[in-house]
Amino acid sequence: MNTAVPGWAGVTASIALVVPAIAVAWHRRLDLARDIAVAAARAGVQLVAVGAVLLLVFRHTGVAGAAGCLALMVITAGRVCAGRSAGMPRALPIATTAVAVGSAATLGVLLALGVVAPQARVVIPVGGMVVSGAMQATTLLLVRLRDEARTARPAIEARLALGLPAVDAFAPQLRSTLRTALIPAVDATRTVGLISLPGAMTGLILAGVDPLTAIRYQIVVMYMMLSAAALAALTAAHLAERALFDDAHRLRSLTAGARR
């Protein structure tokens, strides 16, 4: 047994870490105590369920099962993005397509170059990280793009009135939003190892892998996360730009996004 990995008794004991967060939320009347408790409970149940599913996939379905798992991740990520960016026209297909493009292109290159082994136990966790990075960038871009289009409507319509096409009229907002969406991925890549040891590297070190080996894997992880974020954000920006304007280059009406 690997003593670096906590047993179920240790997992149960770690619930004590959630108690202070609940106590602070309750004492400060933040109306979050119940949400924290439910989130902690859901995390445990969901991870146990996912672990059981992965065990079946690893043992019985191989790469085909891994592809199915990744497809489900992409669909789920698209729905999460669309929910956060409610009010954006065609948010669901845009978000799903952007996450799929960023994830498939990044993971496809890794597989084609032989960086990632075509095995379910490798493809699923690596693909999950890629999908997560693509989802975060897509969500941030769509939320900010929706808000920018709504708050900057007078300026955008003024440019349209001067005869600029939709692409040029919306270009300042689009550039600003793209920069904002990529900041987390860029900053994470720039400061990796200086502020914290990332998850993949930490997990490998805890599992007893040599630190230099863990570093090699983490470098790949950081590059693939940056790639997935950039490709997903660019795809989402291109599709959203087209969805925001009609065929006559008029900015569509945008409803207020729901808070989630």
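**Helical architecture, core and surface of a predicted model**

Gln 218 is found in helix 9, and in this predicted model the residue is buried, with a relative accessible area of 5%. Leaving out residues up to four places away in sequence, Gln 218 touches Val 192, Pro 198, Gly 199, Ala 200 and Met 201. In sequence, Gln 218 is separated from Leu 142 by 76 residues, and in space the two C-alpha atoms lie 28 Å apart.

The protein that contains these residues has nine helices and zero strands, so that, read along the sequence, its pattern is α-α-α-α-α-α-α-α-α. The C-alpha trace spans about 70 × 55 × 40 Å along its principal axes. Of the 260 residues in the protein, 31% are buried, while the exposed surface amounts to about 15,300 Å², with 67% of that area supplied by carbon and sulfur atoms. Among contacts between residues at least 6 apart in sequence, 72% join residues at least 24 apart.

Confidence in the prediction was considered next. The mean pLDDT of the protein is 88, and 95% of its residues reach 70 or more. Among the elements, helix 4 has the highest mean pLDDT (96), whereas the lowest (78) belongs to helix 8, which covers residues 199–206. Where pLDDT is low, predicted coordinates should not be read in detail.

The largest nonpolar core comprises 54 residues, and those touching the most other members are Leu 141, Leu 142, Leu 145, Ile 156, Phe 170, Leu 244 and Phe 245. Two or more residues of this core are given by each of helix 3 (33–84), helix 4 (91–112), helix 5 (120–151), helix 6 (153–161), helix 7 (166–191) and helix 9 (211–244). Helix 5 supplies the largest share, with 13 residues. In soluble globular proteins, nonpolar side chains tend to be buried together. For Leu 142, contacts beyond four places in sequence are made with Ser 85, Met 88, Ala 91, Ile 94, Ala 95, Ala 236 and Ala 240.

Two of the core residues named above, Leu 141 and Leu 145, also appear among the contacts of Thr 177. Thr 177 lies in helix 7 and counts as buried because its relative accessibility, 1%, falls under the 20% limit. Apart from its neighbours within four places in sequence, Thr 177 is in contact with Leu 141, Arg 144, Leu 145 and Glu 148.

Side chains of opposite charge can pair when their charged atoms come close, and in the present model the count comes to six salt bridges. In one of these, the side chains of Asp 187 and Arg 190 meet with an N to O distance of 3.5 Å. Because they are three residues apart in helix 7, Asp 187 and Arg 190 are separated by about one helical turn. Asp 187 is partly exposed at 33% relative accessibility, whereas Arg 190, at 58%, counts as exposed. Elsewhere, salt bridges that share partners join Arg 146, Asp 147 and Arg 150 into one network. Within this network, Asp 147 and Arg 150 form a salt bridge with an N to O distance of 3.1 Å; since these residues are three apart in helix 5, about one helical turn separates them. Asp 147 is partly exposed, with a relative accessible area of 23%, and Arg 150 likewise counts as partly exposed, at 32% relative accessibility.

A further salt bridge links Arg 153 with Glu 157, the closest N and O atoms being 2.9 Å apart. Both residues lie in helix 6, four residues apart, or about one turn of the helix. Glu 157 counts as partly exposed, at 36% relative accessibility.

On the surface, Leu 212, Ile 215, Ile 219 and Tyr 223 make a nonpolar patch of about 410 Å². Ile 215 has its place in helix 9, and its relative accessible area is 33%, so the residue is classed as partly exposed. Helix 9 thus provides Ile 215 as well as the buried Gln 218, and this helix is also among the elements that give two or more residues to the largest nonpolar core.

Definitions and conventions: Residues numbered from 1 in each chain as written. Predicted model: local features only at pLDDT ≥ 70, side-chain atom pairs only at ≥ 80, totals over all residues. Heavy atoms only, no water. Core = buried A, V, L, I, M, F, W, Y, C linked by side-chain atoms within 4.5 Å. Buried < 20%, exposed > 50% of the residue type's maximum accessible area, 1.4 Å probe, protein only. Contact = heavy atoms within 4.5 Å. Patch = residues over 30% accessible without salt bridge, like charges linked within 9 Å, V, L, I, M, F, W, Y side chains within 5 Å. Areas by Shrake-Rupley, 256 points an atom, 1.4 Å probe, with all protein chains shown as cover. Salt bridge = Lys/Arg side-chain N within 4 Å of Asp/Glu carboxyl O. pLDDT = per-residue confidence, 0-100.
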